[in-house]
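Let's take a walk through this structure, one piece at a time. Have the sequence and the 3D view open as you read.

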Amino acid sequence: MGESNKLKIPKIKKGTVIDHIDAGYALSIMDIIGLGETQNLMTIGVNIESKKYGKKDIIKVENVFLTETQIQQISIITPNVSISLIEDFNVIEKLRLKLPKMIKKLIKCPNSTCISNSEKEPIGSEFNVLNEKPLKIQCIYCDRILNLDELVFIEKKREKRIKQRIQL
Ligand SMILES: [Zn+2]
């Protein structure tokens, strides 16, 4: 492959690189973790050819470092992502994400009668991960099973639903 065929995504001086995102999920991630509202420079690559992983997406965003909750949300949407923290164009830390076996207080159970939705006795939602790909999780309180497209993330401000995977 000639140099001219290689996709060049500019390096960032300081910020975060989210790499090895499952192809087509970059926009879902942006939306769920709220990057869609950032004023910072952001580069998104979708369906990038990768020798190791087939196709993948990548997000680079300047001057933004992710919170623990954002990192957990990403690991649910697309496990096996790597997150690099950049300072002065150098990687100062690299995190390899893994989907946890239990997902606590991040996802809303769609069953309105589930005890995790009770207003009288607030109790955090809790899901067991049954399968990673395709994602299947089960509420430990009411046994409801959800797949990736049905997830609703709990947010302080508002609830966020996974957008349809983009098809190019
Ligand atoms: Zn439930």
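What follows goes from the core to the helices, then to the sheet and a few backbone details. Keep in mind that this is a predicted model.

Let's start inside. The largest nonpolar core has 26 residues, and the members that touch the most others are Ile18, Ile21, Ile29 and Ile59. Several elements feed into this core: strand E1 (15-22), helix H1 (26-33), strand E3 (54-62), helix H2 (68-77) and E8 each supply at least two residues. H1 gives the largest share, with five residues.

Ile29 is a good place to zoom in. Leaving aside residues up to four places away in sequence, Ile29 touches Ile18, Ile21 and Ile59, and also Ile74, Ile77 and Thr78. So how much of the helix around it is buried? Six of the eight residues in H1 are buried, so the helix is mostly covered, given that a residue counts as buried with 20 or more other C-beta atoms within 10 Å of its own. Going along H1, the buried ones are Ala26, Ser28, Ile29, Met30, Ile32 and Ile33. Right after the helix comes Gly34, with a positive phi near 85°.

Now look at how the two helices meet. The axes of H1 and H2 come within 10 Å of each other and cross at roughly 150°. Because angles over 145 degrees count as roughly antiparallel, that is how H1 runs relative to H2. On the H1 side the contact is made by Ser28, Ile29, Ile32 and Ile33, while H2 brings Gln70, Gln73, Ile74 and Ile77. As for handedness, H1 passes H2 in a right-handed crossing.

Next, turn to the sheet. Four strands form an open sheet in the order E6-E7-E8-E9, and the pairing is antiparallel. Which strands sit at the edges? Strand E6 (102-104) and strand E9 (145-147) do, each pairing on one side only. From one strand to the next, the twist averages 30°.

Within this sheet, take a look at E7 and E8. Strand E7 (residues 126-131) pairs with strand E8 (residues 136-139) in the antiparallel sense, over four bridges. If you want a landmark here, find Asn128, which stands opposite Gln138 in E8. The loop between E7 and E8 holds Pro134. What kind of peptide bond joins Lys133 and Pro134? It's a cis peptide bond, with omega about -5°.

Finally, there are two spots where the backbone has a positive phi without a glycine. One is Asn80, whose phi is about 70° although it is not a glycine. Asn80 lies in the loop between H2 and strand E4 (82-87). Is Asn80 buried or partly exposed? With 15 other C-beta atoms within 10 Å, Asn80 is partly exposed, because a residue needs 20 or more to count as buried and 12 or fewer to count as exposed.

The other is Lys105, a residue other than glycine with a positive phi near 60°. You'll find Lys105 in the loop between E6 and E7, back in the sheet we just visited. Lys105 has 14 C-beta neighbours inside 10 Å, so this residue counts as partly exposed too.

Technical notes:
Residues are numbered from 1 along each chain as its sequence is written. This is a predicted model: local features need pLDDT of at least 70, side-chain atom pairs count only at pLDDT 80 or more; totals for chains, interfaces and linings use all residues. Two strands pair if DSSP finds at least two bridges between them. Axes are lines fitted to C-alpha atoms, for helices over the stretch in contact, and angles run from 0 to 180 degrees between N-to-C directions. A nonpolar core is a set of buried Ala, Val, Leu, Ile, Met, Phe, Trp, Tyr and Cys residues joined through C-beta atoms within 7 Å. Two residues are in contact if their C-beta atoms, placed from the backbone, lie within 7 Å. Angles under 35 degrees count as roughly parallel, over 145 as roughly antiparallel, 65 to 115 as roughly perpendicular and the rest as oblique. A crossing is left-handed if the near helix is turned anticlockwise from the far one by less than a right angle, and right-handed if clockwise.
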